[in-house]
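Me: I have a model open and want to learn to read it feature by feature. Can you take me through it, general idea, then the case at hand?

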Amino acid sequence: HYVQWVVGEELMPVTGHLVRVFDRLGLMDRTTSYKKALEALSKLGAAKGKKALEFALAFGYVAGVWCDSRKPTCHACALVDVCPYGKKAFKDWQAQQERLEAQRLREEERERKRLEVEAKKASLAEEQAGAERAAKLLVKEAQQGLEERLRSAKPFVEAARKLLPQLPKVA
């Protein structure tokens, strides 16, 4: 802006950035004609001299920091309260933030439920493993009990075998 101001004999520097800012503010229509833009900016005051440079630098700062041509950050702009474009963009941004927050909460709830399911699965697996260990222990105890009974019955079985040939045969 400074170079254009000096070269333009201290006339208001007219750039596409300024035209965009003033168009969004509703103070002028967007144009590509330098003369039309200068005329429209002149109506806003500060058309010549040091005041014109200060004016251009201030609004050039707004254009450079917040009023980007592709992705403006109206929600953070100092002029959002007086800018029709910024007010609409700010409302859209707020709605987007609310949607993002709702989505984040849904994802957190999904993750919480997923963790609950995993914990239940782990608990069931632990219970099943415990039941299997208990069943194996019962089977082992039953086998040991049967083996002990067989050992204690062995002398009787051998005695019965010795007596079997001596018993009379029944026809």
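## Reading the model

Reply: Start with burial over the whole chain. Of the 171 residues of the protein chain, 20% count as buried. Keep in mind that this is a predicted model.

Me: Which secondary structure elements does the protein chain have, and in what order do they run?

Reply: List the elements before anything else. The protein chain has five helices and zero strands. From the N terminus, the order is α-α-α-α-α.

Me: How do I read overall shape? What is the radius of gyration of the protein chain, set against that of a compact globule of 171 residues?

Reply: Compare the value with the globule rule. A compact globule of 171 residues would come near 16 Å, but the protein chain has 46 Å. Then look at the spans along the principal axes. The C-alpha trace covers about 145 × 25 × 25 Å.

Me: And contacts? What share of those between residues at least 6 apart in sequence joins residues at least 24 apart?

Reply: Sort contacts by separation along the chain. In the protein chain, 52% of that set joins residues at least 24 apart.

Me: What about surface and charge? How much area does the protein chain expose?

Reply: Take the area, then its makeup. The protein chain exposes about 13,400 Å². Carbon and sulfur atoms supply 59% of that area. For charge, compare mean positions. Those of the 32 positive and 24 negative charges are 4 Å apart.

Me: Now a single element. Why is helix 2 described as largely enclosed by the rest of the structure?

Reply: Count buried residues within the element. Helix 2 covers residues 16–25, and seven of its ten residues are buried, so the rest of the structure largely encloses it. The buried residues are Leu18, Val19, Arg20, Val21, Phe22, Arg24 and Leu25.

Me: Which helices do the buried residues of helix 2 pack against?

Reply: Follow the contacts outward from the buried positions. They lead to helix 3 (34–43), helix 4 (50–65) and helix 5 (84–163). Check the end of the helix as well. Glycine 26 follows helix 2, and its phi is positive, near 80°.

Me: There is an arginine in that buried list. Is arginine 20 buried or exposed by its relative accessibility?

Reply: Apply the cut-off: buried means under 20% relative accessible area. Arginine 20, in helix 2, has 8% and counts as buried.

Me: Which side chain of opposite charge is nearest to arginine 20?

Reply: Check the distance against the salt-bridge limit, which is within 4 Å. The nearest such side chain is aspartate 68, 5.7 Å away, and arginine 20 has no salt bridge. Then list the neighbours. Leaving out residues up to four places away in sequence, arginine 20 touches Arg30, Ala63, Cys67, Asp68 and Ser69. Serine 69 is 49 residues from arginine 20 in sequence, yet their C-alpha atoms are 7.5 Å apart.

Me: Where is methionine 12 placed?

Reply: Loops can be read for burial too. Methionine 12 lies in the loop between helix 1 (2–7) and helix 2. Its relative accessible area is 1%, so methionine 12 is buried.

Me: Back to salt bridges. How many does the count come to?

Reply: Get the total, then inspect pairs. The count is ten salt bridges. One of them joins arginine 30 and aspartate 23, at 3.2 Å from N to O. Arginine 30 is partly exposed at 48%, and aspartate 23 is partly exposed at 26%.

Me: What separates lysine 88 and aspartate 92 in helix 5?

Reply: Look at the spacing along the helix. These two are four residues apart in helix 5, so about one helical turn lies between them. Lysine 88 and aspartate 92 form a salt bridge, their closest N and O atoms being 2.9 Å apart. Lysine 88 counts as exposed at 53%, while aspartate 92 is partly exposed at 40%.

Me: Which residues are joined into one network by salt bridges that share partners?

Reply: Begin with one pair and extend. The side chains of glutamate 101 and arginine 104 meet in a salt bridge of 2.3 Å, N to O. Glutamate 101 and arginine 104 are three residues apart in helix 5, about one helical turn. Shared partners join Glu101, Arg104 and Glu108 into one network.

Note on methods. Residues numbered from 1 in each chain as written. Predicted model: local features only at pLDDT ≥ 70, side-chain atom pairs only at ≥ 80, totals over all residues. Heavy atoms only, no water. Rg over C-alpha atoms; globule rule 2.2 N^0.38 Å. Buried < 20%, exposed > 50% of the residue type's maximum accessible area, 1.4 Å probe, protein only. Contact = heavy atoms within 4.5 Å. Areas by Shrake-Rupley, 256 points an atom, 1.4 Å probe, with all protein chains shown as cover. Lys, Arg positive; Asp, Glu negative; His and termini not counted. Charge placed at Lys NZ, Arg CZ, Asp CG, Glu CD.
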